[in-house]
Protein chains: 2
Amino acid sequence: MVNGSVMGTKTTREHIVEAADGLFYENGYEHTSFADIAQAVGISRGNFYYHFKTKDEILDAVIALRQTNTRGMLEEWEARGEDAAERIRCFIRILIANRAKIMAHGCPVGTLCAELTKLDHPAQADAGRIFTLFQAWLSRQFAALGRAGDADELAMHLLARSQGVATLANAFRDEAFVNREVELMCDWLNTCRADTPDEDLKTPEEKH
Amino acid sequence: MVNGSVMGTKTTREHIVEAADGLFYENGYEHTSFADIAQAVGISRGNFYYHFKTKDEILDAVIALRQTNTRGMLEEWEARGEDAAERIRCFIRILIANRAKIMAHGCPVGTLCAELTKLDHPAQADAGRIFTLFQAWLSRQFAALGRAGDADELAMHLLARSQGVATLANAFRDEAFVNREVELMCDWLNTCRADTPDEDLKTPEEKH
DNA sequence: ACTTCTATAGGACAAGCGTCCTAATATGTC
DNA sequence: GACATATTAGGACGCTTGTCCTATAGAAGT
């Protein structure tokens, strides 16, 4: 029977991937062992091997899960935020919502990409694609804001700022700093709209 | 005889620390083994143990080296840059100067802090102190720029932006992005001075 | 009831790790 | 030249790692 995780009962495989996701985030990929994950799930290492033959396979599954979760989150923001600026603000505010975890372990995406780079791991590109999801989504929002011309650049800029805040929040454990930077990003976002008010007012409808 | 590395001949210990510094940067702390470092220096693992009894000891030495190097770099900028704004621009431009290495391995400070966090390593605080060196130095520059009131915040802001650029430069390997963001930071720096021109013109001299 | 497939457990394995020990060699000092 | 110290080499150790194998228990299908 194939359980696609539709019901409340989760597959063992799903349990494994979720536990690995958390452990990779908190302790890093390399520093997390098969035994650690197995213990977290409450299964034996042998059973583990039945589901994943290789550590790389688990990593791939974790990255795929994060991609899926990210897509879901972006869709939710897309549905919730009434205008593009408010949607972008949803993105900015994850720094507030996930403040505690970010201060404790950094950004899940940024730290994973950095670690995989150092390991020269084949999954580098896949992990980087999570960044691309955010980048593309933000870019579309900025385009909807009337900044189609430099939407990609604006998206990268905002992504970079949020990454920098995550890194320093982790290093300094300074909550006030996070709040301040979030404010600054929101201020900056407002100036983005003001730059081209004419074109913005002409095409406020959805474009795809 | 105690060789304080004054002459051209370097101590074996210094060779080890420098090799470890490079390997920790390129491959990460945990992913670098005693054997790796010994091989890089060209000595036996036994000799290695004579100089460092523990992997943590090497890490401490590497962090101390980086602190020293950072202090030296900051002093050099202090001496070279004619005014505070130019000195801050020296900081911003390391993203350009170290572009290739940053795209390949990220920021040495940021990635080390992130890794030590995940390992829950005792040296976390020491590594974080390298960030503090930059922060304090930048803060003094902003104060000299006439922004004594919010110098700390401005310093953290700039530090965060450079960290974000380093992270994304590493993930996307996008050189144009780095150049663009450096430009933006320089632009932002110019607006900093303009904010309080009166006070700035009254006290342009050094304060310590 | 019997077989087949899925899932779980537990241990075996070689390799690599940090650590430590001992023997040999260089480098002085008297 | 004899001796003490500083430095190097090389291997042994116990442990953990990722990987793999085999045996057992349950569910499904006939």
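**Exercise 1.** How many residue pairs are in polar contact across the interface of chain B and chain A?

*Solution.* The model is predicted, so local features need pLDDT of at least 70 and side-chain atom pairs count only at pLDDT 80 or more, while totals for chains, interfaces and linings use all residues. Residues are numbered from 1 along each chain as its sequence is written, chains are lettered from A and ligands numbered from 1 in the order in which they are written, and side-chain values use heavy atoms, with hydrogens and water left out.

Step 1. A polar contact is a pair of N or O atoms within 3.5 Å; within protein, one must be able to donate a hydrogen and the other to accept it, and residues adjacent in sequence count only if both atoms are side-chain atoms.

Step 2. With both residues at pLDDT 80 or more, the rule finds 12 such pairs between chain B and chain A.

**Exercise 2.** State how many residues each chain gives to the contact and what area is buried.

*Solution.* Step 1. Counting contact as heavy atoms within 4.5 Å, chain B gives 38 residues and chain A gives 37 residues.

Step 2. Buried area is the accessible area (1.4 Å probe) that two parts lose on being put together, summed over both. Here the value is about 3,000 Å², and carbon and sulfur atoms give 66% of that.

Step 3. On the chain B side, B:K118, B:M156 and B:F172 lose the most area to chain A, together 22% of what that side buries.

**Exercise 3.** Find the residues that A:F142 touches, leaving out those up to four places away in sequence.

*Solution.* Among them are A:I88, A:R147, A:L158, A:W188 and A:C192.
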